[in-house]
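User: Please take a close look at one part of this structure, the links between its side chains. A connected account would be preferred to a list.

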Amino acid sequence: MQIRGSLFLTLTTAVLLALAPAGARAAITVTAEEPFEETPYVPDLGTTTATVGDDGTLTVRTRIVARPPAGWGGCVPMPSGLCVPARITVSWLLDWLPGSGSVTEAGADAKIVATPTQGTTTWQALRWDPVLTRWSAAAVPAATTDIGGATWSLVPSQLGIPATATIAMPIWSRFHVVGDDGVPIDAADDAGPLTIPLGGLGAPRGDTAPTSAPSSPQAPAPVTPDAGAGVSVRAKTAACVAATRRLRTIEVRIKRLEAIARGRGTAARRRAARDELRRQRPRRSTARTLKRRACTPASQPRGL
């Protein structure tokens, strides 16, 4: 059985209140607003804030609500009385090279992975090897977890990321456990992608550092109240693609549940399918609305 919550991203970009001194880069803060949902089991992703400091250090903070019964790295009580450890991961996927990266993981060229297990969180940093088509270990970031979520920090060059690249960062939360009956339970929550311009607002994706510094510091682009302020065309396109995929995932799930509900399986299986349909159908309606909003051109009114 697979459970997936209805998901949506609201991208906002904020510039810190003061400019950096002359000759230094300005710190940038980018935020992805993700509403908490009632998805069973899976650690629920909330707001993510990424900050690029004056020294180029990237710090990411994601709010996470641990869901019962497993919570953040606990175990799932079974009817037999056993408490089975769940496999939980939260992955921050970093994509800055168009046309490369892991195809199965949103084209990510690197990723930061947190794996909680009964009170202890293991952190990994991995880089995608396009020649061997596999992940290889990289320097582990400085990271912490607390009751409100998870935070990690690193210098982008540790992952081979150019100092002025623009990163697309979706975040994936995954849950897996096998029940007493041998049937796996999989749940997921996604957020983003969040667009992070390491070189400041307007930095082209995959760009490298200029050979000479500009004669005067450049002020960050102004932020207006418009919902698309400061968000690149690529970010808008990525949000539309993500919303389309989410809707498609929910629709496929509903079709499978409808087939189970009409099938000849056990009464308990059909009843569980009907219960899940009651949760998924409102999510489909929400996902349709969010897809329409995400894919509406900036020049077109959102209500159309």
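Analyst: In this predicted model, the link of Cys240 and Cys295 is right-handed, with 100 degrees about the S-S bond. The sulfur atoms of this disulfide are 2.0 Å apart. The pair joins distant parts of the chain: Cys240 belongs to helix α1 (residues 233-262), whereas Cys295 lies in the segment after α2 (267-294), 55 residues apart. Cys295 has 27% relative accessibility and therefore counts as partly exposed, since that class runs between 20% and 50%.

A search of the whole structure finds two disulfides. The other joins Cys75 to Cys83, with 1.8 Å between the sulfur atoms. The link of Cys75 and Cys83 is right-handed, with 90 degrees about the S-S bond. Cys83 counts as partly exposed because its relative accessibility is 39%. When the bonded cysteines of the protein chain are numbered in sequence order, the pairing reads 1-2, 3-4.

Helix α1 also takes part in a salt bridge, one of six in the structure. Glu258 pairs with Arg281, and the closest N and O atoms are 3.2 Å apart. This pair too links distant parts of the chain, with Glu258 in helix α1 and Arg281 in helix α2, 23 residues apart. Glu258 has a relative accessible area of 22% and so is partly exposed; Arg281, with a relative accessible area of 36%, is partly exposed as well.

Two further salt bridges involve buried residues. Asp44 forms one with Arg67, where the closest N and O atoms are 2.8 Å apart. Here Asp44 lies in strand β4 (residues 44-52) and Arg67 in the loop between β5 (58-65) and β6 (75-77), distant parts of the chain that are 23 residues apart. Asp44 and Arg67 are both buried. In the salt bridge of Lys111 with Glu105, the closest N and O atoms are 2.8 Å apart. Lys111 is classed as buried because its relative accessible area is 9%, and Glu105 is buried with a relative accessible area of 16%; the reason is that buried means under 20%.

Aromatic side chains supply another set of links, with four aromatic pairs in the structure. The rings of Tyr41 and Phe175 have centres 5.1 Å apart and planes at 15 degrees, so this pair is stacked. Because Tyr41 lies in the loop between β3 (28-33) and β4 while Phe175 lies in strand β14 (residues 166-178), the pair ties together parts that are 134 residues apart in sequence. Phe175 counts as buried, at 2% relative accessibility. Trp128 and Trp135, by contrast, form an edge-to-face pair, with 5.2 Å from centre to centre and 70 degrees between the planes. In addition, ring pairs join Trp92, Trp123 and Trp152 into a cluster.

Trp123 appears again in the surroundings of Thr151. Thr151 is placed in strand β13 (residues 149-154). The side chain of Thr151 makes a polar contact of 3.0 Å with the side chain of Arg61. Apart from its neighbours within four places in sequence, Thr151 is in contact with Thr59, Val60 and Arg61, with Trp123, and with Ala142, Ala143 and Thr144.

Note on methods:
Residues are numbered from 1 along each chain as its sequence is written. This is a predicted model: local features need pLDDT of at least 70, side-chain atom pairs count only at pLDDT 80 or more; totals for chains, interfaces and linings use all residues. Side-chain values use heavy atoms; hydrogens and water are left out. A disulfide is a pair of cysteine sulfur atoms within 2.5 Å. Buried means under 20% relative accessible area, exposed over 50%, partly exposed in between (1.4 Å probe, protein chains only). Helices (H or I, at least four residues) and strands (E, at least two) are DSSP runs, numbered from the N terminus. A polar contact is a pair of N or O atoms within 3.5 Å; within protein, one must be able to donate a hydrogen and the other to accept it, and residues adjacent in sequence count only if both atoms are side-chain atoms. Contact means heavy atoms within 4.5 Å. A salt bridge is a side-chain nitrogen of Lys or Arg within 4 Å of a carboxyl oxygen of Asp or Glu. Rings of Phe, Tyr and Trp (its six-membered ring) pair if their centres lie within 6.5 Å; planes under 30 degrees apart count as stacked, over 60 as edge-to-face and the rest as tilted.
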